[in-house]
Amino acid sequence: MTLVMGILNVTPDSFSDGGRYAELDAAIARGLQLARDGADLVDVGGESTRPGAARVSPEEERRRVVPVIRALTEAGVATSIDTMNASTARAAVEAGAGIVNDVSGGLADRAMAGTVADLACEFVAMHWRAHSTEMDGLDTYEDVVREVGAELQARVDALVAAGVAEQRIVLDPGLGFSKVTESNWPLLARMPDWAGGRRVLVGASRKRFLGAAIARPGVDAADPAAREAATTAVTTLAAASGAWAVRVHDARAAVDAIRVVSAWENAARTEG
Ligand code: PMM
């Protein structure tokens, strides 16, 4: 069954839960709640990647995430670390994280691939072209599915060359990262065409491209919270398409959707 990765942004400036979980205790409580809501793991991030966001130092990032990962690990909650910094990845895995989730797929920090090889952890390589301040200028594709597939394969090759075991790599199309609205849908609808048989993580939760799909009179599509039902629809379709995991703000809704897909698929198998 598709896994649920609950989003825990320990950042004062994240776009949809801005500042609320900046305090350590609140972050830990939120992580525990995600686990109670059914998240299989909690993705802890200390640096916002929303368009135009300013970078934070690796030291500040570690200060935000390491105590949260340690506390969640002690409580028996599985975690991943959402970071582009090898030093943060190492500190997080040493504090208990089992997965390094790098939105740059190892491109932002040259030390990342070797560090992941050394840590022997799972690695999520997301499709990425540039940091948040520049990414919207790099959103042109002739064939988005082919190009994202080729660019992800180049990341896999570099990671494997650095010693990362290929079966530990998960691919992510990087929805909303250097993608205009229309570029996100072919990546969702044609997963097998770019994933090359690898495990896929889908991170669509509350993103702008969903707002564009649901926009109509009477719907405040600019409000990330108004995109929740659309997020659950993507979770349903991603699960039905065999995604390995979805990265979401609302774990309970995602678990419900995945269970519905599972019941549906079981019936399709037995009635056939
Ligand atoms: N999106 C965001 C942050 N981290 N990681 C992965 N693997 N995939 C994503 O799509 C992704 C990510 C930005 O969204 P947020 O601000 O809600 O965390």
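Contact, as the word is used on this tour, means heavy atoms within 4.5 Å. The model under view is predicted.

**The whole chain**

Begin with the protein chain in a cartoon representation, where 10 helices and 8 strands can be traced. Along the principal axes, the C-alpha atoms fill a box of roughly 50 × 40 × 40 Å. The radius of gyration is 18 Å, which agrees with the value near 19 Å that a compact globule of 272 residues would have.

Next, colour the residues by relative accessible area: 53% of the 272 residues count as buried. A surface representation of the protein chain shows an exposed area of about 11800 Å², of which carbon and sulfur atoms supply 52%. If contacts between residues at least 6 apart in sequence are drawn, 67% of them join residues at least 24 apart.

**First stop: Gly 105**

Select Gly 105, in the loop between strand S4 (99-102) and helix H4 (112-119). The relative accessible area of Gly 105 is 0%, and the residue is therefore buried. Which residues are in contact with Gly 105, once its neighbours within four places in sequence are left aside? They are Phe 123, Ala 125, Met 126, Arg 155 and Leu 159. Add Met 126 to the selection and display the C-alpha atoms: Met 126 is 21 residues from Gly 105 in sequence, yet the two C-alpha atoms lie 4.9 Å apart in space.

**Second stop: two residues with positive phi**

Move to Ala 120, in the loop between H4 and S5. Ala 120 is not a glycine, but its phi is positive, at about 55 degrees. Its relative accessibility is 41%, so Ala 120 counts as partly exposed.

Then select Arg 206, which is placed in the loop between strand S7 (199-202) and helix H8 (208-214). Arg 206 also is not a glycine and has a positive phi, of about 60 degrees. Is Arg 206 buried or exposed? With a relative accessible area of 17%, Arg 206 is buried, because the cut-off for that class is under 20%.

**Third stop: the internal cavities**

Rolling a probe the size of a water molecule over the atoms shows where empty space is left. In this structure, 2 cavities of 30 Å³ or more are found.

To locate the largest cavity, select Glu 47, Ser 48, Thr 49, Ala 53, Arg 55, Met 84, His 131 and Ser 132, which line it. Its volume is about 40 Å³. Coloured by class, this lining shows 2 nonpolar, 4 polar and 2 charged residues.

Keep His 131 selected from that lining. His 131 belongs to the loop between strand S5 (122-126) and helix H5 (144-161). Its relative accessibility of 19% means that His 131 counts as buried, the limit being under 20%. When residues up to four places away in sequence are not counted, His 131 touches Arg 55, Met 84 and Ala 108. Arg 55 and Met 84 are also among the lining residues of the largest cavity.

For the second largest cavity, select Glu 47, Thr 49, Glu 61, Asp 82, Thr 83, Met 84 and Val 103. The space enclosed there is about 30 Å³. What does the lining of the second largest cavity hold by class? There are 2 nonpolar, 2 polar and 3 charged residues.

To end the tour, select Glu 47, Thr 49 and Met 84, which occur in the linings of both cavities.

Key. Residues are numbered from 1 along each chain as its sequence is written. This is a predicted model: local features need pLDDT of at least 70, side-chain atom pairs count only at pLDDT 80 or more; totals for chains, interfaces and linings use all residues. Side-chain values use heavy atoms; hydrogens and water are left out. On a 1 Å grid over the protein atoms alone, a cavity is a set of points where a 1.4 Å probe fits but cannot get out, and a pocket is an open set with protein on both sides within 12 Å along at least five of seven lines; lining residues have an atom within 4 Å of a point. Grid points are joined across faces, edges and corners, and a volume is the space filled by probe spheres set on the points. Ala, Val, Leu, Ile, Met, Phe, Trp, Tyr, Cys and Pro count as nonpolar, Asp, Glu, Lys and Arg as charged, and the others, Gly among them, as polar. Helices (H or I, at least four residues) and strands (E, at least two) are DSSP runs, numbered from the N terminus. The radius of gyration is taken over C-alpha atoms; the globule rule is 2.2 Å times the number of residues to the power 0.38. Buried means under 20% relative accessible area, exposed over 50%, partly exposed in between (1.4 Å probe, protein chains only). Accessible areas come from the Shrake-Rupley method with a 1.4 Å probe; for residues, only the protein chains shown count as cover.
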